[in-house]
Amino acid sequence: MTATMTALFGGTAPQWQARRVPVPEPGPGQVLVRARAASLNNADVQRLDTSFDPATGGSTEYLAGYEFAGDIAATGPGVRNVRIGDRVMGTTQGAFAQYVLADHRHVMPIPENLGHDDASALPTGLLTEHGALTRARFTAGQSVLVTGAASSIGLIGVQLAKALGASLVVATTRSKDKEALLKKAGADTVVVTNHQDLTRATLDATGGDGVDVVLDHVGGQTFAACLPATRVDGHLVNIGRLDRAESTIDLDALSYRHLHVRGVSFGFSRPEALGQVVAAATDEAMPAVADGRVRPVVDSVHPFDRAHEAADRMRDHRAHGKIVLTVP
């Protein structure tokens with residue numbers, strides 16, 4: 001193993017900067033992964049754009065990236081669930097590097113039929129959507145509404161809900177040209193919110209009852225519109241804020257329907273809790289990945305040394321699916 005590696009750092013310039021740094025050594029409970037691919041998330045570009053102030057030169061330097069796929073290169077003391085050479089995908093802070101250090105509880109095996117590029121595009125979506133369905137107490141036969149469903153994470157939510165036995169999946173998008181994409185992912189009904197009322201269209205699709213579970217990736221007033229579109233005693237889980245974090249809701253819609261509202265954010269502040277989410281997704285969702293029912297939608301693949309192009313594509317909201325970096 002080489003003593004140094006290339007890694008991408010943010011906070012020192014408007015774009016990520018490549019730098020040669022020492023390869024880290026895994027400590028107790030950690031694994032070192034030789035990364036082959038890494039994927040972008042909205043948080044990557046948001047952090048990049050807020051960590052450097054060109055007017056003042058002020059910066060907060062950090063090793064970039066959250067999502068990766070590769071091969072186990074070394075293990076620290078106490079790690080027994082993986083071996084050197086195993087193909088894994090996972091999530092950790094500092095994933096845009098040739099060698100990635102991660103908690104052993106935060107990696108999952110890559111199915112044989114999945115390449116590194118596709119695998120790197122899967123962990124965030126799979127963990128988030130499965131974790132949200134779990135919080136909503138989803139069971140096979142229930143109906144699910146996925147807002148912002150054409151996002152890379154939303155597409156995983158549509159596929160996963162269907163793979164786990166949803167009787168009906170309603171998916172929303174603002175663009176009619178994404179209707180075919182959502183139908184292909186497994187949506188039974190697509191609501192184009194620029195032209196249709198979300199609440200009315202969802203009630204129409206469910207015979208007036210509303211859906212059992214909502215996976216909301218949009219927030220804002222879209223979240224408010226989901227309340228009266230949910231069945232009595234139904235569950236709403238807010239996952240993302242593609243619109244905005246503030247929402248003005250009708251408390252009558254919340255109370256009269258006896259709704260259960262949850263919010264999820266599976267970050268890195270509670271490693272044990274994230275490990276439990278990873279373990280559950282590995283057991284319950286990975287079979288659907290292995291047999292092809294759940295697949296990440298990859299928009300584009302970019303060389304590691306052209307990461308700025310990948311960031312620009314995400315900033316411009318041109319991507320239909322995940323943006324991937326190949327790691328040399």
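This is a short tour of a predicted model, with suggestions for what to select at each stop.

**Stop 1: helices H3 and H4**

Start by selecting residues 123-135, which form helix H3, together with residues 152-163, which form helix H4. The two axes come within 9 Å and cross at roughly 55°. At that angle H3 counts as oblique to H4, because it is neither under 35 degrees nor in the range of 65 to 115. If you turn the view to look at how they pass, you will find a right-handed crossing of H3 with H4.

Now show the side chains where they meet. From H3, pick Thr124, Gly125, Leu126, Thr128, Glu129, His130 and Leu133; their partners in H4 are Ile153, Ile156, Gly157, Leu160 and Ala161. Colour this contact of H3 with H4 by class and you get 6 nonpolar, 5 polar and 1 charged residue.

**Stop 2: the nonpolar cores**

Keep Leu126 on screen and add Leu215 and Val294. These three have the most contacts inside the largest nonpolar core, which has 45 residues. Helix H4 gives the most to this core, contributing 6 residues.

Which residues does Val294 touch, leaving aside those up to four places away in sequence? Select Leu122, Leu126, Ile156, Gln159, Leu160, Ala163, Ala288 and Val289 to see them. Another core, of 29 residues, lies apart from the 45-residue one; to find it, try Val31, Val79, Phe304 and Val327, which are among its members. As background, nonpolar side chains in soluble globular proteins tend to be buried together.

**Stop 3: Glu67**

Next, select strand S5, residues 67-75, and pick out Glu67 in it. Is Glu67 buried or exposed? Its relative accessibility is 0%, so Glu67 counts as buried. You can also bring back Glu129 from the first stop: the C-alpha atoms of Glu67 and Glu129 are separated by 15 Å, while the two residues are 62 residues apart along the chain.

**Stop 4: helices H1 and H11**

Finish with another pair of helices: H1, residues 42-50, and H11, residues 307-315. Their axes come within 10 Å, crossing at roughly 100°, and therefore H1 is roughly perpendicular to H11.

Show Asn42, Val45, Leu48 and Asp49 on the H1 side, then Ala311, Met314 and Arg315 on the H11 side, to see the residues that meet. Coloured by class, the contact of H1 with H11 contains 4 nonpolar, 1 polar and 2 charged residues.

Definitions and conventions: Residues numbered from 1 in each chain as written. Predicted model: local features only at pLDDT ≥ 70, side-chain atom pairs only at ≥ 80, totals over all residues. Heavy atoms only, no water. Axes fitted to C-alpha atoms, helices over the stretch in contact; angles between N-to-C directions. Helix = DSSP H or I, 4+ residues; strand = E, 2+ residues; numbered from the N terminus. Parallel < 35°, antiparallel > 145°, perpendicular 65-115°, else oblique. Left-handed = near helix turned anticlockwise from the far one by under 90°. Contact = heavy atoms within 4.5 Å. Nonpolar A, V, L, I, M, F, W, Y, C, P; charged D, E, K, R; others polar. Core = buried A, V, L, I, M, F, W, Y, C linked by side-chain atoms within 4.5 Å. Buried < 20%, exposed > 50% of the residue type's maximum accessible area, 1.4 Å probe, protein only.
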